[in-house]
Amino acid sequence: MKHILTTILALISMVAFAQDRLPQDRLPQVPKGAWKSQEPTGSASTLIVADNYMVIASYSVGNKYFERTEGGPFTMSGDQMTYTPEFNSADTAKIGIPIVFTVTVKDDILTLKYEEAMVWMRVDDATNVPMAGAWHITERANGAQGELVKIHQEGTRKTLKLLSATRFQWFAIDPAVKGFYATGGGTYTAKNGKYTEKIQFFSKDNNRVGTSLSFDYKLENGRWDHSGKSSEGKPIHEIWEKIK
């Protein structure tokens, strides 16, 4: 009887120890979705986390002003996030240099602490949203025949688009030469085969802020077929593929 009691107590201790350790073991993933914060400059900032890639943009919708953006892949180990910028529109010297953040998530507050703490408030949760993720463009229709042709097959230049449950941001970059070429973002809806974007910032043309664009879309086997007309009225047909 004494041995049985000892065994039971040992098992209880092991379970309690495992339960104490569980939160730390499961803490690591930064919740997929969108987050927001307020910059000291008065601009708003949004953070989109999708498929181990994140992007930050600072801008003012009211003033139609784009300030800066940066982004890149990240990995998690415990509560430590190692983020390696692939682009930074304000400071190219930071590209390729890993930054290690200590991550805490409580209620709807995300804190990333490096030299200082960045505090983000949840905008949405993209855990079970089919459109949410990191996408890269792989095919585009040529101007004359409208036939889809593959793009970005050579070199390191690429165009990515990150989506949360309600927000999007695309960016054209070349990490090998620390190149940043353009970005745009805002809010989106996707319903009944219609994908609609409302632009809140665009690095090349602030006059686009506030405009909406609607496209036909379909998702199939990790491919996003996207077609319609640009803000200039030109036909668009693109294929985006999810980064795994």
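A salt bridge, as I will use the term today, is a side-chain nitrogen of Lys or Arg within 4 Å of a carboxyl oxygen of Asp or Glu. With that rule in hand, we can say that Glu139, Lys150, Arg223 and Glu241 are linked in a network of salt bridges, and that the count of salt bridges in the structure comes to 13.

Before going on, I should say that this is a predicted model, in which local features need pLDDT of at least 70 and side-chain atom pairs count only at pLDDT 80 or more, while totals for chains, interfaces and linings use all residues. Residues are numbered from 1 along each chain as its sequence is written, and side-chain values use heavy atoms, with hydrogens and water left out.

Let me stay with the salt bridges for a moment. Within the network, the side chains of Glu241 and Arg223 meet at 3.5 Å, N to O, and this pair links distant parts of the chain, since Glu241 is in strand β18 and Arg223 is in strand β17 (residues 223–229), 18 residues apart. Strands here are DSSP runs of E of at least two residues, and helices are runs of H or I of at least four, numbered from the N terminus. Are these two side chains buried or exposed? I call a residue buried under 20% relative accessible area, exposed over 50% and partly exposed in between, using a 1.4 Å probe and protein chains only. Glu241, at 25% relative accessibility, is partly exposed, and Arg223, with 32%, is partly exposed too.

Strand β18 (residues 235–242) also holds Glu238, which is paired with Arg140 in strand β10 (residues 133–141), 98 residues away in the chain. The closest N and O atoms of Glu238 and Arg140 are 3.8 Å apart. In this pair Glu238 is buried, with a relative accessible area of 11%, whereas Arg140 is partly exposed at 36%. For Arg68 and Glu70, the closest N and O atoms of the salt bridge are 2.7 Å apart, and Glu70 is buried, with a relative accessible area of 13%.

Now please turn to the strands around β8. Strands β7 (residues 99–106) and β8 (residues 109–113) run antiparallel and are joined by five bridges, where two strands count as paired if DSSP finds at least two bridges between them. Thr102 has Lys113 in β8 as its bridge partner. Between β7 and β8 there is a hairpin with two residues in between, and Asp107 in its turn has a positive phi of about 55°. On from there, β8 pairs with strand β9 (residues 117–125), again in the antiparallel sense and over five bridges, and a hairpin of three residues joins β8 to β9. Across this pairing, Leu110 stands opposite Trp120 in β9.

What does Ile109 in strand β8 touch? Taking contact to mean heavy atoms within 4.5 Å, and leaving aside neighbours within four places in sequence, Ile109 is in contact with Trp35, Thr104, Val119, Trp120 and Met121. At 33% relative accessibility, Ile109 is partly exposed.

Next come the aromatic rings. Rings of Phe, Tyr and Trp (its six-membered ring) pair if their centres lie within 6.5 Å, and planes under 30 degrees apart count as stacked, over 60 as edge-to-face and the rest as tilted. The structure holds 13 such pairs. One of them is Phe101 with Tyr114, an edge-to-face pair at 6.0 Å centre to centre with 70° between the planes. Phe101 belongs to strand β7 and Tyr114 to the loop between β8 and β9; Phe101 is buried at 6%, while Tyr114 is partly exposed at 44%. Elsewhere, ring pairs link Trp135, Tyr188, Tyr195, Tyr217, Trp224 and Trp240 into a cluster.

Finally, the nonpolar cores, each a set of buried Ala, Val, Leu, Ile, Met, Phe, Trp, Tyr and Cys residues joined through side-chain atoms within 4.5 Å. The largest has 16 residues, of which Leu47, Met54, Met81, Leu110 and Leu112 touch the most other members. Strand β7 gives the most to this core, with three residues. Not counting residues up to four places away in sequence, the residues that Met81 touches include Val30, Met54, Phe74, Ile99, Phe101 and Leu112. A second, separate core of 15 residues includes Met131, Trp135, Leu213 and Tyr217.
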